[in-house]
Amino acid sequence: MPIEMNSQEKIWKHRDRKTQLTHWALWFFGTALFVWCWQLVSEKTEWFFVLDAPAIAADIGSRMVPPRWEYIDKLWVPLWDTLNIATLGTLLALVLAVPVAFLAARNTSPSPTLLRPIALLVIVSSRSINSLIWSLLLVSILGPGVLAGIIAIALRSIGFVAKLLYEAIEEIDENQVEAIKATGASRSQVIAYGIVPQILPTFVGVSVFRWDINIRESTVLGLVGAGGIGLQLQASLNILAWPQVTLILLMIFLTVLFSEWLSAKARHAII
Amino acid sequence: MSTPRTWRPKPFIENPKLRWSITIGTLLYMLLALGSVEVNWMRVYEGLDRGLKFVAAFAQPNFTGRWTDISEGLAESLVMTVVSTVIGIIVSIPIALGASRNLAPLPVYLFCRSIITISRTFQEVIIAILFVAIFGFGPFAGVLTISFATIGFLAKLLAEAIENIDPSQAEAVRSTGSRWWQWLNYGIQPQVMPRLIGLSLYRLDINFRESAVVGLVGAGGIGATLNTAFDRYEFDTAAAILILIIGIVMFAEYSSSAIRKRVQ
Amino acid sequence: MLELKKLGKRYRTGDHALKEVDLSVPAGQVLALIGPSGAGKSTLIRCINRLVEPTSGDVLLHGESLTRLRGGGLRKARRRIGMIFQEYALVERLSVMENVLSGRLGYVGFWASYFRRFPQSDIDTAFSLLDRVGLEPMADKRADELSGGQRQRVGIARALIQNPELLLVDEPTASLDPKTSRQIMRLITELCTEHKLAAIINIHDVALAQMFAQRIVGLQAGSIVYDGDPEGLTPDVLTQIYGEEDWTAVRKRQSSDSDQDVTDLEENL
């Protein structure tokens with residue numbers, strides 16, 4: 001206890017000695033770890049370049065304006081592709097995520113000892129690996145193109161959607177499920193009448209949210225050849241066409257803002 | 001009065017015109033979108049073989065072949081994760097304070113909110129490209145990128161937490177005649193601390209995954225090694241790297257949920 | 001000691017919450033402010049320590065105007081005015097002791113308060129106040145582990161450790177059961193006598209107000225409509241404050257209600 005008696009007066013301390021020591025030890029090791037890591041980064045850094053950075057940034061900045069507005073004609077198709085990668089990828093992910101979620105949820109999994117761990121492994125693998133890495137893999141397998149992008153987005157999104165969905169399934173009100181079971185309903189009828197209505201709002205909300213994230217992600221997949229506006233970004237960067245880069249960044253900015261607005265609208269309308 | 005004999009579930013969208021136009025619009029979009037996906041089936045067919053090889057490689061990942069590259073890349077990723085998370089948190093806190101409408105005056109609020117918006121709009125890799133162009137290749141550009149991305153995430157969610165505090169607790173501290181900093185320390189901080197710790201741990205996890213990606217554009221970390229492996233079609237090495245990433249993420253998630261439970 | 005001069009508050013939404021209120025409170029007087037919800041009771045006491053900025057008029061504490069103070073001056077004035085809140089307003093994730101000591105924030109520097117290094121004299125006072133309100137064994141409990149009545153006692157200790165000259169009390173019993181309400185009101189009035197404090201107590205429970213206050217002020221739509229003894233609160237006056245209602249019946253029911261509740265309530269002191 002942090003309260004101690006000292007001859008006449010009671011001493012009050014914020015923490016007792018042991019917690020205080022642990023507290024300082026944690027801070028000490030945390031700081032030491034950070035400093036050590038920083039030094040490792042610093043060793044690999046050309047500080048000469050970094051010191052020069054303001055000048056380079058100013059130089060690039062001056063090259064970036066004004067944007068090359070004519071270039072926009074070449075951006076409509078890539079933007080359409082970007083939108084499709086995000087949308088079709090999300091849809092594909094939804095289709096695949098639903099069964100995974102039911103397998104992973106403790107209360108609906110048909111085999112908690114075998115299938116549930118597999119489903120959880122699928123979820124964590126999908127979540128651990130960025131869609132850009134999935135694209136890298138798929139471009140290497142399927143060749144460059146929109147298809148690789150769609151599948152990459154889907155593979156990355158399965159884990160996200162399935163995780164949030166199975167958590168929702170685990171939190172449902174079991175009484176409602178019991179009531180449906182009591183009517184003599186079959187297993188699939190129990191799911192349709194007892195579980196689906198309870199998780200539908202989460203499902204819709206998560207889908208719209210993920211679509212919004214996927215728009216952002218699909219803007220860069222082109223950098224590794226998986227289609228969309230990233231291809232144009234890569235091409236413009238390769239020839240150092242900074243005015244085109246500005247325009248592309250501007251278009252990405254507007255697209256993302258638009259998708260954010262649309263998904264917020266959709267969430268409000270549905271939930 | 002007669003009772004109706006038929007019953008159909010109420011449609012989700014009641015207005016039939018709107019319902020049909022949304023249905024037809026969606027179908028039309030799907031047709032157009034699917035139609036615009038060009039697939040070179042020959043290439044896909046050839047690829048299937050490589051796909052199978054990759055799946056097989058997962059069964060026999062090759063950790064040893066390029067172990068020096070892998071271990072150095074992973075170590076660099078981890079180091080970048082630590083540095084960028086710490087920097088990100090330190091910078092996020094003042095920005096979050098500025099982005100809370102109940103603390104900051106309007107101009108400060110708008111300024112901080114626009115930083116958050118920019119950070120959230122651009123995918124990390126785009127920022128990484130710009131930072132590599134400005135600061136040169138290497139982990140420093142990566143650290144800056146991930147720190148910047150952390151700001152958009154952490155400052156936004158922390159600001160939301162600050163805006164949702166119980167105002168009466170803060171008011172009570174203000175009524176004692178506290179200074180602004182004391183008010184922050186006693187009235188606000190205790191209320192948002194668990195959220196800040198939880199978000200920071202979550203972000204540590206995300207930042208590790210990001211640090212694997214920024215390497216693709218030369219900003220340090222395991223991404224470069226991974227890119228090389230794919231370029232050379234060394235699927236067994238790539239599989240080894242992916243397995244290590246998954247393992248570390250699993251470990252991080254497990255330990256962060258344990259810590260989060262403790263600080264509630 | 002405290003004087004309000006034509007104090008007015010008009011919110012940006014257009015609500016005219018206070019209309020030229022004149023009120024003077026002598027030292028040591030316990031005053032109950034009654035009135036229907038939305039009459040401006042809460043606004044009135046918050047205008048005194050400027051948690052709400054008044055839009056017109058003046059507040060004088062010992063002849064010194066509080067409405068023109070800024071920064072450090074305002075903080076010094078606030079620490080002379082203790083405040084007790086509806087729903088306690090304790091910082092829930094801090095310990096009882098930290099909550100009590102937060103009443104000293106106006107007296108200690110930032111770093112001392114950040115590292116929780118309060119002067120020993122403050123800590124002694126905190127212990128004796130906690131002892132007085134019957135919570136000494138709870139000093140290291142977190143505020144959210146306490147019951148409602150206990151929390152309000154911590155709130156009282158936090159206000160008193162400021163060593164105030166005036167207490168502002170905002171609906172202290174709003175979320176307490178009848179027995180605890182009386183205990184809390186008794187504690188507040190006793191402490192006011194012990195420390196020779198003046199107090200303004202917002203309260204919606206007329207019976208409690210009559211039982212514990214020396215003076216009653218009735219507020220209706222931002223204006224004072226009654227100012228006098230507790231005994232002077234006739235049904236006519238109550239009608240003027242609250243509107244038409246069978247007041248004898250209400251008061252009877254209130255008292256029988258509380259009698260009934262008292263029996264099956266447990267309050268662990």
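B:Phe58 lies in helix H2 of chain B, which runs over residues 41-59, and in this predicted model its relative accessible area of 31% makes B:Phe58 partly exposed. Although 181 residues separate B:Phe58 from B:Ala239 in sequence, the C-alpha atoms of these two residues are 5.3 Å apart in space.

Chain A can be read in two parts, since domain 1 covers residues 3-64 and domain 2 covers residues 71-270. The C-alpha centres of domain 1 and domain 2 of chain A are 37 Å from each other. A cis peptide bond, with omega near -10°, leads from A:Val65 to A:Pro66, and A:Pro66 belongs to the loop of chain A between helix H2 (47-64) and helix H3 (76-104).

From chain A the reader can turn to a surface feature that involves chain C as well. A:Trp24, A:Trp27, C:Trp111, C:Tyr114 and C:Phe115 form a nonpolar patch on the surface, and together they have about 650 Å² of accessible area. Helix H1 (17-43) of chain A and helix H4 (110-114) of chain C each contribute at least two residues to this nonpolar patch. A:Trp27, which is placed in helix H1 of chain A, has a relative accessible area of 56% and therefore counts as exposed, the cut-off for exposed being over 50%.

Further along chain C, helix H5 takes up residues 120-132, and these 13 residues should span 18 Å at 1.5 Å a residue, which agrees with the 18 Å between the C-alpha atoms at its ends. Which residues of H5(C) are buried? They are C:Asp122, C:Ile123, C:Ala126, C:Phe127, C:Leu129 and C:Leu130. These buried residues cover an arc of only 165° around the axis, so they are on the same side of H5(C). After H5(C) comes C:Gly134, which has a positive phi, near 80°.

One of the buried residues of H5(C), C:Asp122, also takes part in a salt bridge with C:Arg104, in which the closest N and O atoms are 3.1 Å apart. This pair links distant parts of the chain, for C:Arg104 is in the loop between helix H3 (96-101) and H4 of chain C while C:Asp122 is in helix H5 of chain C, and the two are 18 residues apart. Both C:Arg104 and C:Asp122 are buried.

Side chains of opposite charge can pair when their charged atoms come close. Over all chains, the structure holds 27 salt bridges, and another of them joins the side chains of C:Lys41 and C:Glu171, with a distance of 3.8 Å from N to O. C:Lys41 lies in helix H1 (residues 41-48) of chain C, whereas C:Glu171 lies in the loop between strand E7 (166-170) and helix H7 (178-194) of chain C, so this salt bridge ties together parts that are 130 residues apart in sequence. C:Lys41 is buried, because its relative accessibility is 7%, and C:Glu171, at 9% relative accessibility, is buried too.

A further salt bridge in chain C forms between C:Asp227 and C:Arg215, where the closest N and O atoms are 2.8 Å apart. Here C:Asp227 belongs to strand E10 (residues 223-228) and C:Arg215 to strand E9 (residues 215-220) of chain C, so the pair ties together parts that are 12 residues apart in sequence. C:Asp227 is partly exposed, with a relative accessible area of 40%, whereas C:Arg215 is buried, with a relative accessible area of 13%. In chain A, salt bridges that share partners join A:Asp212, A:Arg216 and A:Glu260 into one network.

The backbone of chain C also deserves a look at two residues. C:Arg116 has a positive phi of about 60° although it is not a glycine, and C:Arg116 is placed in the loop between H4 and H5 of chain C. Is C:Arg116 buried or exposed? With a relative accessible area of 9%, C:Arg116 is buried. C:Asn163, likewise not a glycine, has a positive phi of about 55°, and C:Asn163 is found in the loop between helix H6 (148-160) and E7 of chain C. The relative accessible area of C:Asn163 is 57%, so C:Asn163 is exposed.

Terms used:
Residues numbered from 1 in each chain as written. Chains lettered and ligands numbered in written order. Predicted model: local features only at pLDDT ≥ 70, side-chain atom pairs only at ≥ 80, totals over all residues. Heavy atoms only, no water. Patch = residues over 30% accessible without salt bridge, like charges linked within 9 Å, V, L, I, M, F, W, Y side chains within 5 Å. Areas by Shrake-Rupley, 256 points an atom, 1.4 Å probe, with all protein chains shown as cover. Salt bridge = Lys/Arg side-chain N within 4 Å of Asp/Glu carboxyl O. Helix = DSSP H or I, 4+ residues; strand = E, 2+ residues; numbered from the N terminus. Buried < 20%, exposed > 50% of the residue type's maximum accessible area, 1.4 Å probe, protein only. Expected span 1.5 Å × (residues − 1). Arc of directions from axis to C-beta. Domains from an automatic or database assignment.
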